[in-house]
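Dear colleague,

Please find below the structure that I am handing over to you. My notes on what was found in it follow directly after.

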Amino acid sequence: MYKYKTEPFKHQRQALIEGAKHKNFAYFMEMGTGKTKVAIDNAIWLHQLQYIDYIFVIAPNSVYTNWIQEIDTHCPVDTNKFIWKVDTEKKFKMDSTKPTFVLMNVEALSHRSGQKWLKEKLHKYGVRSMMIVDESTTIKNRTARRTKAIIKLGSLARFKRILTGSPVTKSPLDLFTQCYFLDWKLLGYESFYSYRSRYAVMHSMEMNGRQIVFPKYYTNLEELEHKVKSFSYRVRKKDCLDLPEKMYVQRYIDLTEEQRKIYNDLKRKALAIVHDETISYTNKLTELLKLHQITCGFYKTDEGNIIPFKTNPKLNELMNILEETEDKCIIWANYIFNIKMIKQKLEEAYGKDSVVSLYGEDSVKVRHDAVESFQHNDGCRFLVSNPTVGGYGLTLTAARYVIYYSNNYNLEIRQQSEDRAHRYGQTAQVTYVDLIANKSIDQMILGSLKGKIKISAQTLGEEVQKWI
């Protein structure tokens with residue numbers, strides 16, 4: 001009988017029962033449902049059965065260090081813990097007398113040094129090991145160097161697990177490399193192109209002198225759903241946690257005459273560029289980015305200088321919303337210029353200690369201190385961050401409002417950032433506010449996210465969730 005250190009919820013106990021003895025298994029558990037605890041209990045249970053001694057955890061930068069705290073909280077036995085870095089790899093020592101967790105940033109597997117080190121350890125200890133890829137959508141890109149390396153290294157581990165709450169963020173094709181890491185036989189296709197031809201109808205067009213192929217629609221999704229369920233366990237928050245429902249609110253703003261004029265001029269230019277087959281895909285995306293920046297209150301000159309608009313309706317509406325509540329708020333913005341601008345505005349209105357921010361330039365300590373202040377300091381009301389940085393691995397349940405100053409096309413980032421506040425420990429309803437510029441690219445981005453949610457639900461055999 002396995003003895004838990006922290007008593008599991010019913011869904012966590014069932015997840016362990018479903019996946020415990022499988023050689024290869026997927027925990028598709030939504031953020032906040034405790035998939036890390038389940039994975040730790042699974043690993044220790046296998047250790048106590050004398051199957052494994054070493055657990056190699058591969059996770060994104062903002063997630064992998066959180067495993068230290070999770071292990072200390074949930075692991076029922078004494079363990080060794082080692083965070084791999086280039087300058088610390090020589091300090092590493094294996095100790096088979098107790099389970100050893102090795103924690104690696106997924107980016108380390110994009111580089112030869114990380115690949116070489118892990119390969120050496122798996123060659124030596126793989127027969128007694130489990131390899132876990134946390135937030136496994138980080139390996140959905142089959143052409144990425146780290147994806148190829150992780151799949152190859154995974155063949156040396158005795159047990160494998162993947163963890164994610166959103167296995168399908170764009171299309172059913174996202175599943176291929178995640179499941180291939182476990183075992184290509186699970187889906188029945190060793191070739192991506194064979195898999196794609198079964199579950200997607202493709203369309204081709206010429207762009208920049210070469211043929212571009214993209215999915216036209218998806219097919220045989222019930223069959224795919226049945227296969228995936230045979231080696232995975234799915235948990236959704238609405239089915240297992242006593243959390244209040246999310247509330248979604250849209251606040252529309254009109255661009256100023258100055259913004260609209262520049263926006264329309266750039267839009268005409270962008271349309272011409274998008275339809276010009278001689279121009280690269282990257283340059284086309286750049287034009288869309290320029291349109292998005294205008295709705296966010298600034299534009300860049302050809303020399304790269306940032307010019308803010310004299311009047312910023314989106315910022316003004318944000319301040320109006322904040323005046324309507326005294327609760328704590330998370331404000332997500334995609335551009336560093338906006339993060340700094342919003343923080344300055346909040347400091348002027350509410351005081352310097354009222355706001356903290358997070359973005360890519362911040363150290364791990366700065367991020368930790370910012371989160372601690374937001375969570376536990378009553379005087380700190382606002383956290384302003386880029387959702388790519390702050391949207392993963394953090395608990396921000398002090399928030400009652402989550403405001404999207406801007407969105408992007410990445411569904412996973414949207415879902416992850418929403419659930420920083422809506423997770424275990426949240427006792428109040430969380431309100432999500434999207435700031436949307438009328439007749440702009442903002443509306444196109446939200447439409448794209450809704451379409452991706454629909455495809456994800458169809459692939460996993462779920463109803464389409466209520467969203468926005």
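I begin with a single position: Ala26 has a relative accessible area of 0% and is therefore buried. Please bear in mind throughout that this is a predicted model. Ala26 belongs to strand E1, which covers residues 24–29. Beyond its neighbours within four places in sequence, Ala26 is in contact with Ile162, Leu182, Phe231, Ser232 and Tyr233. One of these partners, Leu182, stands 156 residues away along the chain, yet the two C-alpha atoms are separated by 8.2 Å.

The chain as a whole

The chain contains 18 helices and 17 strands. Its radius of gyration is 23 Å, which agrees with the value near 23 Å that a compact globule of 468 residues would have. Along the principal axes, the C-alpha atoms occupy a box of roughly 70 × 55 × 45 Å. Of the 468 residues, 54% are buried. When contacts between residues at least 6 apart in sequence are considered, 72% of them link residues at least 24 apart.

As to the surface, the chain exposes about 22000 Å², with carbon and sulfur atoms supplying 49% of that area. There are 70 positive and 54 negative side chains, and 6 Å lies between the centres of the two sets.

Helix H13 and the loop that follows

Helix H13 spans residues 313–323, and eight of its 11 residues are buried, so the helix is largely enclosed by the rest of the structure. The buried set consists of Pro313, Lys314, Leu315, Glu317, Leu318, Met319, Ile321 and Leu322; Lys314 and Glu317 are thus among the buried residues. At the N-terminal end, the cap is provided by Asn312, which places a side-chain oxygen 3.2 Å from the backbone nitrogen of Lys314.

Asp327 is located in the loop between H13 and strand E13 (329–332). With a relative accessibility of 34%, Asp327 counts as partly exposed. Neighbours within four places in sequence aside, its contacts are Arg381, Arg400 and Tyr401. The C-alpha atom of Asp327 lies 18 Å from that of Gln250, a residue 77 positions away along the chain.

Helix H11

Two residues of this helix were examined. Gln259 lies in H11, which runs over residues 257–274, and at 0% relative accessibility Gln259 counts as buried. Its side chain reaches the backbone oxygen of Ile294 at 2.8 Å. Apart from neighbours within four places in sequence, Gln259 is in contact with Ile294, Thr295, Gly297, Phe309, Thr311 and Pro313. Pro313, in turn, is one of the buried residues of H13.

Asp265 also has its place in H11. Asp265 is partly exposed, at 34% relative accessibility. Its C-alpha atom is separated by 51 Å from that of Leu153, with the two positions 112 residues apart along the chain.

The loop before strand E17

Ala421 is found in the loop between helix H17 (411–418) and E17. Is this residue buried or exposed? At 0% relative accessibility, Ala421 counts as buried. Setting aside residues up to four places away in sequence, Ala421 touches Ile330, Leu396, Thr397, Ala399, Val402, Gln426, Val430 and Tyr432. The C-alpha atoms of Ala421 and Cys329 are 9.6 Å apart, although 92 residues separate them along the chain.

Two residues with positive phi

Two loop positions may merit your attention when you inspect the backbone. Gln50 has a phi near 65°, a positive value in a residue other than glycine. Gln50 sits in the loop between helix H2 (35–48) and strand E2 (54–59), and its relative accessible area of 62% makes it exposed.

The second position is Lys439, whose phi is positive at about 50° although the residue is not a glycine. Lys439 occupies the loop between strand E17 (431–437) and helix H18 (441–460). At 69% relative accessibility, Lys439 counts as exposed.

With kind regards

Methods:
Residues are numbered from 1 along each chain as its sequence is written. This is a predicted model: local features need pLDDT of at least 70, side-chain atom pairs count only at pLDDT 80 or more; totals for chains, interfaces and linings use all residues. Side-chain values use heavy atoms; hydrogens and water are left out. Helices (H or I, at least four residues) and strands (E, at least two) are DSSP runs, numbered from the N terminus. The radius of gyration is taken over C-alpha atoms; the globule rule is 2.2 Å times the number of residues to the power 0.38. Buried means under 20% relative accessible area, exposed over 50%, partly exposed in between (1.4 Å probe, protein chains only). Contact means heavy atoms within 4.5 Å. Accessible areas come from the Shrake-Rupley method with a 1.4 Å probe; for residues, only the protein chains shown count as cover. Lys and Arg count as positive and Asp and Glu as negative; His and the chain ends are not counted. The place of a charge is taken as NZ of Lys, CZ of Arg, CG of Asp or CD of Glu. A polar contact is a pair of N or O atoms within 3.5 Å; within protein, one must be able to donate a hydrogen and the other to accept it, and residues adjacent in sequence count only if both atoms are side-chain atoms.
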